[in-house]
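Trainee: Please show me how to read a structure, one feature at a time.
Mentor: Sure, let's put it on the screen and start with a basic term.

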Amino acid sequence: MFVVPLIERKRDGGVLTPAEWRELIAAYTAGAVPDYQMSALLMAVLWRGLERAELGALTDAMLSSGDRLAFDGWPVPRVDKHSTGGVGDKVSLVLAPLVAACGVAVPMMSGRGLGHTGGTLDKLEAIPGFRTGLSLAEAKAQVLKLHCAMLGQTPEIAPADKQLYALRDVSGTVAAIPLIAASIMSKKLAEGLTGLVLDVKHGGGAFLPPTETALELARTMIALGVDRGCPTVALLTAMDRPLGRACGNALETEEAIQTLLGEGPADLLEVTYALGVEMLLLAGVEKTAAKARKRLEETLRSGRAAEKLQQVIEAQGGNPKIVEDPSGLPQAQAVEIYKAQETGVVTRVEPRTIGRAIIALGGGRQKVEDSVDHSVGFVITVKPGDKVLAGEPIASVFARDAAGVELGLAALTQAIVIADRLAERPLPLISHRVTKEGVEEMKGEGGRPKAEAKARKRG
Ligand code: URA
């Protein structure tokens, strides 16, 4: 295939035809297009963007580079959630079993930590024995039996994305809306879903921090899903501070379990419920948001969601007793409390600093082949807007050794800012709902969505 004219056309702001995208992706996946040409084209896409038909053709080509989960004739609705990534974001571990326990199948395909953000697979693998590398056949059998499987991208799913993603990672072309949208949606569309809910993060800890950019990403992915017969809805949620209290794999898994047992932090629970409501509505098992919310709350309270997580853990080779006794999760050797340095108001808890510190502690990867220490991380008990007294314990560091503790304490000093007053308001926890019809702002008391304001009052 003669690729140079295609690169030049895109470089100059032109458009490639669907047939050209198909041929190009097929040739690249077959090894007939070298990486240096593909990276030049990716860079041209980053600068010039893609028209809707081009983006559709690229996504379809990536999707059909591999297999799909097929549930032909199975009457149970299948809905997944995808997050664009954050710090402390353990929502999937709570949401997948919760929604599955409400009668909706959740074939959840997740990723590993990426950049400063954590990944669901790493959190699941903190559970001794848990196997995320299911084949498509295993995943399908488990979804049919338990209505829930939590796995990584199998080699059968969208191999073109795997290859392209690795290339983008080393060619400065990750942060391009059409490339992110095609990458995410080519994998999600392979899951055989009847609906998809997107958790699009914005704020300093998100990959694309500006709200407008996050909205554009949401709209782009929704159009891709809807055009391919997969109804898709997105919520924009805050990532200007970590979600929940725990940041780091085993600590987050433990917090997710506590949440399923009814003792989770209010913000984590609120985001989980909001996404769960959208999933139940898309699945058609409830007709109104209020009823969907009630069903989720009752299911969590009944213990059925925690039980579902146990079944999934057992089916995937892990020890289900971890849900009753999380002390079997990896434990850090060195733990130290961090105290407020002064009296005042917490104005920032900077997620990128926390995410990068987890990697430095060994809890994430600096290189693809690095192994992960699941035990390390932070528990941060304050949020922007909280009043603190000098000397009050506000966080803990979990590390391998004394040097790790020092590193963690330094990161907390940098990440947690205390001042006389709050200069800048934190982002609303859930700020926008995006559907194919348009964008709805979710304003509640004090600028927060109503539901979150209520959750805060409850404590
Ligand atoms: N997650 C993905 O799967 N792909 C991207 O491009 C970015 C985040």
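Mentor: Contact means that heavy atoms lie within 4.5 Å. Take lysine 140: leaving out residues up to four places away in sequence, lysine 140 touches Leu69, Ala70 and Phe71. Before we go on, this is a predicted model, where local features need pLDDT of at least 70 and side-chain atom pairs count only at pLDDT 80 or more, while totals for chains, interfaces and linings use all residues. Residues are numbered from 1 along each chain as its sequence is written, and side-chain values use heavy atoms, with hydrogens and water left out.

Trainee: Where is lysine 140 placed?
Mentor: Lysine 140 is in helix H7, residues 136–146. Helices (H or I, at least four residues) and strands (E, at least two) are DSSP runs, numbered from the N terminus.

Trainee: Is lysine 140 buried, partly exposed or exposed?
Mentor: Buried means under 20% relative accessible area, exposed means over 50%, and partly exposed is in between (1.4 Å probe, protein chains only). Lysine 140 has a relative accessible area of 32%, so we call it partly exposed. You can also check distances: its C-alpha atom is 47 Å from that of valine 417, and the two are 277 residues apart along the chain.

Trainee: Now a strand, please. How many residues of strand E1 are buried?
Mentor: Here's the general idea first. In a regular strand, side chains alternate between the two faces of the sheet. Strand E1 covers residues 79–83, and five of its five residues are buried. On one side sit Val79, Lys81 and Ser83, and on the other Asp80 and His82; both faces are covered.

Trainee: Which strand pairs with E1?
Mentor: Two strands pair if DSSP finds at least two bridges between them. E1 pairs with strand E4 (residues 195–202) in the parallel sense, over five bridges. Look for lysine 81, which stands opposite valine 197 in E4.

Trainee: What about an antiparallel case?
Mentor: Try the open sheet of four strands, in the order E6-E9-E11-E7, where the pairing is antiparallel. Its edge strands are E6 (246–247) and E7 (334–339), each pairing on one side only. E7 is joined by six bridges to strand E11, residues 393–399. Tyrosine 338 has alanine 395 in E11 as its bridge partner.

Trainee: There's a ligand too. Which residues are around the ligand?
Mentor: A residue is near a molecule if one of its heavy atoms lies within 4 Å of it. Around this ligand you'll find Tyr165, Arg168, Ile180, Ser183, Ile184 and Lys187. Nonpolar here is Ala, Val, Leu, Ile, Met, Phe, Trp, Tyr, Cys and Pro; charged is Asp, Glu, Lys and Arg; the others, Gly among them, are polar. By that scheme the shell has three nonpolar, one polar and two charged residues.

Trainee: How do I read the polar contacts?
Mentor: A polar contact is a pair of N or O atoms within 3.5 Å; within protein, one must be able to donate a hydrogen and the other to accept it, and residues adjacent in sequence count only if both atoms are side-chain atoms. Arginine 168 has a polar side-chain atom 2.9 Å from an oxygen atom of the ligand. For serine 183, an N or O atom of the side chain is 2.6 Å from a ligand nitrogen. For lysine 187, the side-chain N or O atom is 2.5 Å from a ligand oxygen. The ligand on its own has 240 Å² of accessible area, and the protein covers 88% of that (Shrake-Rupley method, 1.4 Å probe; for residues, only the protein chains shown count as cover). Helices H8 (159–169) and H9 are the elements giving two or more residues to the shell, and H9 gives the most, with four.

Trainee: So what else is in H9?
Mentor: Serine 186 is in H9, which spans residues 177–188. Its relative accessible area is 0%, so serine 186 is buried. The serine 186 side chain reaches the backbone oxygen of serine 183 at 3.0 Å. Beyond four places in sequence, serine 186 touches Thr59, Met62, Leu63, Ala158 and Asp161.

Trainee: And what follows H9?
Mentor: Leucine 189 is in the loop between H9 and E4. Leucine 189 is buried because its relative accessible area is 11%. Again setting aside residues up to four places away in sequence, leucine 189 touches residues including Thr59 and Leu63. Leucine 189 and threonine 59 are 130 residues apart in sequence, yet 9.3 Å apart in space, C-alpha to C-alpha.
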